[in-house]
Amino acid sequence: MSTASAAAPRTGSVLADLLPASRTKDIALVVGGAALTGLAAQIAVPVPGSPVPVTGQTFAALLVGAGLGAGRGFLSLALYALVGMAGMPWFANGTSGAGGASFGYVLGMLLASTVVGALARRGADRSVPRTAGTMVLGSAIIYAVGVPYLAASTGMSLTAAVAVGLTPFLLGDALKAALAMGLLPAAWKLIGRKG
């Protein structure tokens, strides 16, 4: 892809595709996406009665998917998960390792980033309504993996896991989705004006 063609958005592209193509760029984007997710995970607010805090990590994971696409989004979140499992303290609240009560959410983010990236490649991040639907689906995927994992890892019932691992987070997720609904379509609109 030439620099000239990188400036004009086209169908089937994600924001990262607008940069000149190179393996170095792809590696930098994957590592940067993992680092962004790890940094956002440190923005953590405890939820009374829940072993899972509210973090910026889910927001970052969904943005990584939308901005990088399915392949690079998957690799970013896989790198994030693997490095965190190996001991890098960049999961929520500076934790690391597999098996904690919130590790299922990390696995859900890996899947959600991939799905959101595939949808973004089809233009799902270019308008407010489509971005809203994409973020809701991404969040639902995270919960579909994270809540059952929470129940299994703590021994609580699925109903109890929903009460402490999903319900308290819905308002925050709505705010994160609203932020994404402003950021992603605005980025495409700005790029369209420059192209």
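The radius of gyration used here is taken over C-alpha atoms, and the rule for a globule is 2.2 Å times the number of residues to the power 0.38. Keep that handy for the first exercise, and bear in mind that this is a predicted model.

**Exercise 1. Work out what radius of gyration a compact globule of 195 residues would have, and check the protein chain against it.**

Solution. Start with the rule: for 195 residues it gives a value near 16 Å. Next, take the model's own figure, which is 17 Å, so the chain agrees with the compact-globule estimate. For the outline, look along the principal axes: the C-alpha atoms fill a box of roughly 55 × 35 × 20 Å. Then turn to the inside, where 43% of the 195 residues count as buried. Finally, check the contacts with a separation of 6 or more: 66% of them join residues 24 or more positions apart.

**Exercise 2. List the order of helices and strands from the N terminus on.**

Solution. Count the pieces to begin with: 8 helices and 2 strands. Now walk along the chain, and you get α-α-β-β-α-α-α-α-α-α.

**Exercise 3. Check the span of helix H4, then find what its buried residues pack against.**

Solution. H4 covers residues 70-85, which is 16 residues. The expected span is 1.5 Å times one less than that number, so H4 should span 22 Å; its end C-alpha atoms are 22 Å apart, and the two agree. Next, pick out the buried residues: Arg-72, Gly-73, Ser-76, Leu-77, Ala-78, Tyr-80, Ala-81 and Gly-84. These pack against helices H2 (23-40), H3 (57-68) and H5 (103-121). Just past the end of H4, have a look at Gly-87, which takes a positive phi of about 125 degrees.

**Exercise 4. Decide whether Ala-180 is buried or exposed, and name the residues it touches.**

Solution. First place Ala-180: it sits in helix H8, residues 170-194. The cut-off for buried is under 20% relative accessible area. Ala-180 has 0% relative accessibility, so it counts as buried. Now for its partners, leaving out residues up to four places away in sequence: Ala-180 touches Phe-59, Leu-63, Thr-131, Met-135 and Pro-185. As a last step, try a distance: the C-alpha atoms of Ala-180 and Asp-125 are separated by 8.7 Å, with their positions 55 residues apart along the chain.

**Exercise 5. Describe the surface and the charges of the protein chain.**

Solution. Begin with area: about 9,000 Å² is exposed, and carbon and sulfur atoms supply 73% of it. Then tally the charged side chains, 12 positive and 4 negative, with the centres of the two sets 6 Å apart.

Note on methods
Residues are numbered from 1 along each chain as its sequence is written. This is a predicted model: local features need pLDDT of at least 70, side-chain atom pairs count only at pLDDT 80 or more; totals for chains, interfaces and linings use all residues. Side-chain values use heavy atoms; hydrogens and water are left out. Helices (H or I, at least four residues) and strands (E, at least two) are DSSP runs, numbered from the N terminus. Buried means under 20% relative accessible area, exposed over 50%, partly exposed in between (1.4 Å probe, protein chains only). Contact means heavy atoms within 4.5 Å. Accessible areas come from the Shrake-Rupley method with a 1.4 Å probe; for residues, only the protein chains shown count as cover. Lys and Arg count as positive and Asp and Glu as negative; His and the chain ends are not counted. The place of a charge is taken as NZ of Lys, CZ of Arg, CG of Asp or CD of Glu.
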